[in-house]
Amino acid sequence: TVTFDAAYASTPAEKVEVKIENINTRETQTATTDAQGKATFGSIPAGAYNVTARREMTPAEFLAFAGVQVSAPVLFQASELNQTFAPSQPNALTLT
């Protein structure tokens, strides 16, 4: 599950591109989060992964989301290195 940080009430992060990369094989998978901040991947072998997440909002999207007017796109991103994944184990990531 991907959420925005506490500055944004830790709300679920929708439309976030999440990429996982197996540290040993370098195989990658990418998924986009749903309204609950969940990204669903195909079969993921147990192992160690690097995880990155990013979401860029237009000024209009950011105004609707945060109530703050900006003149340029706003980028949220996060990464977790060397995360151990096991079958059916949920993982969490916070965007800042």
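Let's start at the hairpin: β2 and β3 form it, with five residues between them. Keep in mind as we go that this is a predicted model. In the turn sits Arg 26, and its phi is positive, at about 65°.

The two arms are easy to place. β2 covers residues 17–22 and β3 covers residues 28–32, and they pair in the antiparallel sense over five bridges. If you'd like a pair to click on, take Val 18, which stands opposite Ala 31 in β3.

Now, stay with Arg 26 for a moment. Which residue does Arg 26 form a salt bridge with? The partner is Glu 21, and the closest N and O atoms are 3.9 Å apart. Glu 21 falls within β2, residues 17–22, so here the turn residue we began with is linked by its side chain to a strand of its own hairpin.

Are these two buried or exposed, or something in between? Arg 26 has 49% relative accessibility, so it counts as partly exposed, because the exposed class begins over 50%. Glu 21 is partly exposed too, with a relative accessible area of 23%.

Let's walk across the sheet from β2. Strand β4, residues 47–57, pairs with β2 in the antiparallel sense over six bridges. Lys 19 is a good marker on this side: its bridge partner in β4 is Thr 52.

From β4 we can step on to β5, residues 74–85. These two strands are again antiparallel, paired over ten bridges. Here you can look for Met 57, which stands opposite Val 74 in β5.

Back to the charges, then. How many salt bridges does the structure hold? There are three, and we've met one of them, Arg 26 with Glu 21. As a general point, side chains of opposite charge can pair when their charged atoms come close.

Another of them joins Glu 56 and Arg 54, at 3.9 Å from N to O. Glu 56 is partly exposed at 44% relative accessibility, and Arg 54 is partly exposed as well, at 39%.

Then there's Arg 55, which forms a salt bridge with Glu 61, the closest N and O atoms being 3.7 Å apart. Why does Arg 55 count as buried? Its relative accessibility is 10%, and buried means under 20%, so Arg 55 falls in that class. Its partner Glu 61, at 30%, counts as partly exposed.

So if you open the model later, try starting at Arg 26 in the turn, then cross from β2 to β4 and on to β5. Thanks, everyone!

Conventions
Residues are numbered from 1 along each chain as its sequence is written. This is a predicted model: local features need pLDDT of at least 70, side-chain atom pairs count only at pLDDT 80 or more; totals for chains, interfaces and linings use all residues. Side-chain values use heavy atoms; hydrogens and water are left out. Two strands pair if DSSP finds at least two bridges between them. Helices (H or I, at least four residues) and strands (E, at least two) are DSSP runs, numbered from the N terminus. A salt bridge is a side-chain nitrogen of Lys or Arg within 4 Å of a carboxyl oxygen of Asp or Glu. Buried means under 20% relative accessible area, exposed over 50%, partly exposed in between (1.4 Å probe, protein chains only).
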